[in-house]
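Hi,

Here is the structure I promised to send you. Have a look at it first, and then read my notes underneath.

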Amino acid sequence: MAQVFEMVMLIMFGLSWPFNITKSLRSRTAKGKSMLFETCVIIGYICGVIGKFISGQFTYVLAVYFLDILMVSIDLALTIRNHKLDLAAAEKA
């Protein structure tokens, strides 16, 4: 039963990332975004995966961890790109 609740938690956290990715793509700015925060979230998810491996619990929950890591990584990459766009726009101004 604990696996089910862990998976629901990961799904609920994961639901926000597609919206963040969409916002990052559309806004083309890193204003209001934190690369440190996104990096901390990725590290947290990686620690969760490591915990699963240490405990030997190779379940479907791992797939949700990896999906969440992928989405946050995409958003982090977009934040980095948008930060570079912000710098380029500031140089032109």
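In this predicted model, the buried residues of helix α3 are Glu38, Val41, Ile42, Tyr45, Gly48, Val49 and Lys52. Looking down the axis of α3, you will find that these residues fall within an arc of 115°, so they line one face of the helix. What do they pack against? The partners of this buried set are α1, α2 (16-27) and α4. Now turn to the other side of α3, where Leu36 and Ile54 are exposed.

The length of α3 is a nice thing to check for yourself. This helix covers residues 35-55, which is 21 residues, and reaches 30 Å from its first C-alpha to its last. That is close to the 30 Å expected at 1.5 Å a residue. Just after α3 comes Gly56, with a positive phi of about 75°.

Next, try α1 (2-14). Its end C-alpha atoms are 18 Å apart, which agrees with the 18 Å that its 13 residues should span at 1.5 Å a residue. Which residues of α1 are buried? They are Gln3, Glu6, Leu10 and Gly14. Around the axis they cover an arc of only 70°, which puts them on the same side of α1. This buried set packs against α2, α3 and α4. On the face of α1 turned away from the buried side, you will see Phe5 and Met12, both exposed.

Phe5 and Met12 also turn up in a nonpolar surface patch of about 820 Å². The other residues that make this patch are Met1, Val4, Val8, Ile11, Leu15 and Tyr60. Met1 sits in the segment before α1. Is Met1 buried or exposed? Its relative accessible area is 71%, and exposed means over 50%, so Met1 counts as exposed.

Finally, please click on Thr79, which lies in helix α4 (residues 61-92). Its relative accessibility is 1%, and the cut-off for buried is under 20%, so Thr79 counts as buried. What is Thr79 in contact with, once its neighbours within four places in sequence are left aside? The contacts are Ser24, Ala30, Lys33, Met35 and Glu38. You have met Glu38 already, as one of the buried residues of α3.

Happy exploring, and do write back with any questions!

Best wishes

Conventions: Residues numbered from 1 in each chain as written. Predicted model: local features only at pLDDT ≥ 70, side-chain atom pairs only at ≥ 80, totals over all residues. Heavy atoms only, no water. Helix = DSSP H or I, 4+ residues; strand = E, 2+ residues; numbered from the N terminus. Buried < 20%, exposed > 50% of the residue type's maximum accessible area, 1.4 Å probe, protein only. Contact = heavy atoms within 4.5 Å. Patch = residues over 30% accessible without salt bridge, like charges linked within 9 Å, V, L, I, M, F, W, Y side chains within 5 Å. Areas by Shrake-Rupley, 256 points an atom, 1.4 Å probe, with all protein chains shown as cover. Salt bridge = Lys/Arg side-chain N within 4 Å of Asp/Glu carboxyl O. Expected span 1.5 Å × (residues − 1). Arc of directions from axis to C-beta.
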